[in-house]
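Biologist: Could you show me the structure, and then let me put some questions to you about how its parts fit together?
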Amino acid sequence: MGSSLTILPSHPRGALDRCLGLQSNNARPDPIRLVLLLLVVLLLPAMFGGADVFASEPVAAVAEAGADVGQYPPAPKLTADDYPRIPGVNSRSVVWLAAQLHLWFAAFVLAVPIFVFIIEAIGMRTRDRRYDEMAYEFIKISITAYSITAILGGLLLFSLILFYPHLFQYLSTIFKGSMFYYALLFFLESATLYLYYYGWHWLQGDFKKWVHLTLGLLLNAVGTMLMFLANAWVTFMMSPAGVDPSGVFGGSEWAAIHNYLWNPINIHRVVANVAYGGSVVGAYAAYKFLSATSTKLRAHYDWMGYNANFIAISALLPLPFAGYYLTAEIYAYSQQMGITLMGGIFAWLFIIQAVLIGALFLSANYYLWCGMGRSDGAHRYNGYVKYIAIVIVGAFLVWFTPHTLVLTNEELKSLGGPYHKYLGPLGIMPAKNTAVNVMIIFTTLSFMIYRRANLIATVPWVKAGNALQIALFTAGILNILFLGIYHGYFTNTVYKVAASIPQVLTTLIIIIASTVIDAMMYRGAKQVAPLHWGRITGRSQYALFLLAVAFTWLMGLMGYIRSGIRQHWHVREIFRDTSVDAITPTLGYAANMVSIGTILFMAMVIFIFWISQVSTRKTVTEGYWKEAAE
Amino acid sequence: MKNFLKVVFFSMATVAFFSGFANLGIPEINPAPPPVEEVLDLGAMSLDEFIALGERLFTGKGTCNLCHEPIGGRAPLLDKITSIAEERLADSRYKGQATDAESYIYESMVEPSAFVVVGFGKSGSNDTESPMPAVSGGGMAFSEAEMLAIIAYLQDLEGVEVTVEIPTEVDTAPEEPASAEAPAAEAPPRAATPEAAMTQYGCGGCHEVAGQAGALGPKLNTIGALRDAAYLRRSLLDPNADIAEGYPPNLMPNIYGDQMSARELEMIVDYLASLK
């Protein structure tokens, strides 16, 4: 071992860090701005700078001086015998299931407070009590899920200590500070959640309601901090930082936390959690809708399901971009890891992912189209639905088309090579980027016609506004097609990748501009008739179940690949996994594990939904209790 | 209850469909097993075996062929690397210290950004920074000997003279895929002394040396007084490189570079150089 210490990595920081700066703020004393600012103040230091709490000394200083380096050992070099085993128990499967179940529940309980906060704020602004009641019902569901999340977290911790003691010891040596603060934050999270939930009916009215909303913000800030800390441990294993090539810790915990993939995962998980939370609550509302015995209840749960789906889809639309950013950063960190991810043994996984995301988009759109039945004015737009459906299915098929095919010699001969003459070009990334952008744009269109279905615009420039919308969508789609086709097939690789950015920007511009134009066009619009909440088919509710199941399964699958691209490393290129389970499992095996996890998760969620109803039931017990003496 | 069962059935059917598609709808690929530790006896290798080691490292542990391959165009092709090296060393963008093709390839492995081929730099670096990791560190952690084996493989691939000398010692414990063929297991038994090596390869059949009296080639009894080790090594690896006066070319077989292990070669060279 050399005496000099080189701290990893020397990689430049990610795109987000490069372009992010805290802008000067001329905020007026608006309560919403104040609470948002509080959120920013709480989160930004931990994400992007400072975090002195974890950094006893600057990394460079430690590296140069070699101070205290001797106290940290290199990453252990283990043999298979160093991993404790219990006969009949597969260590990896236990840790895998515990981690995945913990993650599903954690995603749910972190997401629900985010949109409960938003819904509560909407209720406060509109003074519509229905929003407040719905927010309360959501948080009530998450309160039981919270304790199960903690139990599963404990199970994960115990299984790690039991089956992978050296890994846990190594990680806890580096992350001892953040693990300690994680535990403290967990107390704060619990206290805030209980206060937020149990104080809901107490903290009502002008000032008290503001206090309650601020509690909601605090709950979200603490929950997000908890997730960011856990993300740091996970991403350190993928893109280690703050250690030398042999794994000797340099002394700065902040350097290890702020590793290359930390922020890309943070962003991806926040967005995905919201989409996921929305989908699970949507499934809850769908079940309640199907079981409702009165028109009033059906209307209530239809409205709840619509809102949950709206939240899920709003987060689903930017999710592919967050995923793309994460993948680009994985490539930027390590081209080898990126190729293993997209072009190596995991390449076929993205075909499964395409099926799942196709299922998500199609079910979400189907639910919206069915929901148009609530409006008496929907007949004006029903004719467009089939065209939107055709485009979305077409885009899905492009996304689904593989690049290379595993073929027998005879098939290869008959096809004339590993690529199909016509379908082969659809397998590469430019085609898929184009397809996903088109899919998102047409889902936006579905939203737009759903919103318009029950309204009649009264502004004098309706025709001009519609022409502007048509021009916007047409120009945008043509631009996306041009970028995808020209740069994807007629220029070199660098432009193929680079063209995806203007494609994404085009999509974002279409979404934002069309929303703004429509909002202006339909300002003061007349309603065709009041919306008939509850007037929707039972079949449509299964789209919400499909959404929740597909999301759960997809998260499990992507968890497998995120962890799997480390291959036979506990901490990539630092700490080898030499256990008997170090081999990367096949996709089929992983899919079966994900299915087992999904079924366990669904069983637990059903239990939670059931238990949340039990507390409201009362059994009359006449004659059982001794009557109080008069 | 009916609704509950319907929803459970629907959800289970959805899960079964996803699982079924992942198991039956796409080809099942078995990922390669993790590499296992194997101590190489480099000194016992012939040049062919050393080149074969380089190929295995290139396609196995190093996963170099993931990027350096024609499909995808992620990294420059290396099939003409030695021919192109001279041009690159003369390029104004070259920032390294290499002086010839061999040292250029070596430098490209340990310091990939010394020269970045146009169009293959990291995004935004204007081709000044290579996306390739240094192979001497990180997960690959190639030893010196392994890097030399890759150079030998690339030279052999291109069909040019292999200029690399096989090191006799391994500086770090190298790793090889478990599935890789173990070359040492199939290699012939190696000589322990220079005399034994010269007997094994039949030097005395043609040369007068080590108590034998061949008359076909030049006498080698005092060759160390006339020629240095580099000359002797070259003569063993490429007998036609320098022809002794009075002897025709192509008389000595050009096979010893392939047959001898690096250690045997060095033993013979040292022994001959000591004959003064």
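What follows is a set of questions and answers on the interface, the cores and some charged pairs.

Biologist: How are residues numbered, and from which letter are chains lettered?
Modeller: Residues are numbered from 1 along each chain as its sequence is written, ligands are numbered from 1 and chains are lettered from A in the order in which they are written. This is a predicted model, where local features need pLDDT of at least 70, side-chain atom pairs count only at pLDDT 80 or more, and totals for chains, interfaces and linings use all residues, while side-chain values use heavy atoms and leave out hydrogens and water.

Biologist: How many residues of chain B and of chain A take part in the contact?
Modeller: Contact here means heavy atoms within 4.5 Å, and the area buried between the two chains (the accessible area, with a 1.4 Å probe, that two parts lose on being put together, summed over both) is about 3800 Å², with carbon and sulfur atoms giving 70% of that area. On the two sides, the contact takes 43 residues from chain B and 46 residues from chain A.

Biologist: Which helix gives the largest share of the side of chain B that touches chain A?
Modeller: Helices (DSSP runs of H or I, at least four residues) and strands (runs of E, at least two) are numbered from the N terminus, and chain B has 11 helices and four strands. The largest share of its side touching chain A, 16 residues, comes from helix 1 (residues 2–25).

Biologist: How many salt bridges are counted between chain B and chain A?
Modeller: A salt bridge is a side-chain nitrogen of Lys or Arg within 4 Å of a carboxyl oxygen of Asp or Glu, and the structure holds 10 of them over all chains. Between chain B and chain A, however, the count is zero.

Biologist: Which residues have the most contacts inside the largest nonpolar core?
Modeller: A nonpolar core is a set of buried Ala, Val, Leu, Ile, Met, Phe, Trp, Tyr and Cys residues joined through side-chain atoms within 4.5 Å, where buried means under 20% relative accessible area, exposed over 50%, and partly exposed in between (1.4 Å probe, protein chains only). The largest core has 153 residues, and one of them, A:Ile352, touches residues of both chains, including A:Trp553 and B:Phe21. Those with the most contacts inside this core are A:Phe115, A:Phe138, A:Ile352 and A:Trp553.

Biologist: Is B:Arg233 buried or exposed?
Modeller: B:Arg233 forms a salt bridge with B:Glu266, the closest N and O atoms being 2.9 Å apart. B:Arg233 lies in helix 9 and B:Glu266 in helix 11 (residues 262–274) of chain B, so the pair ties together parts that are 33 residues apart in sequence. B:Glu266 has 19% relative accessibility and counts as buried; at 15%, B:Arg233 is likewise buried.

Biologist: How many residues apart in sequence are the parts that A:Asp376 and A:Arg535 tie together?
Modeller: The side chains of A:Asp376 and A:Arg535 meet in a salt bridge of 2.8 Å, N to O. A:Asp376 lies in the loop between helix 14 (349–371) and helix 15 (382–400) of chain A, and A:Arg535 in the loop between strand 2 (526–527) and helix 21 (538–564), so the parts tied together are separated in sequence by 159 residues.

Biologist: Which helix of chain A holds A:Thr444?
Modeller: A:Thr444 counts as buried at 7% relative accessibility and touches A:Leu317, A:Ile511 and A:Ser514, not counting residues up to four places away in sequence. The residue lies in chain A within residues 429–452, which form helix 17.
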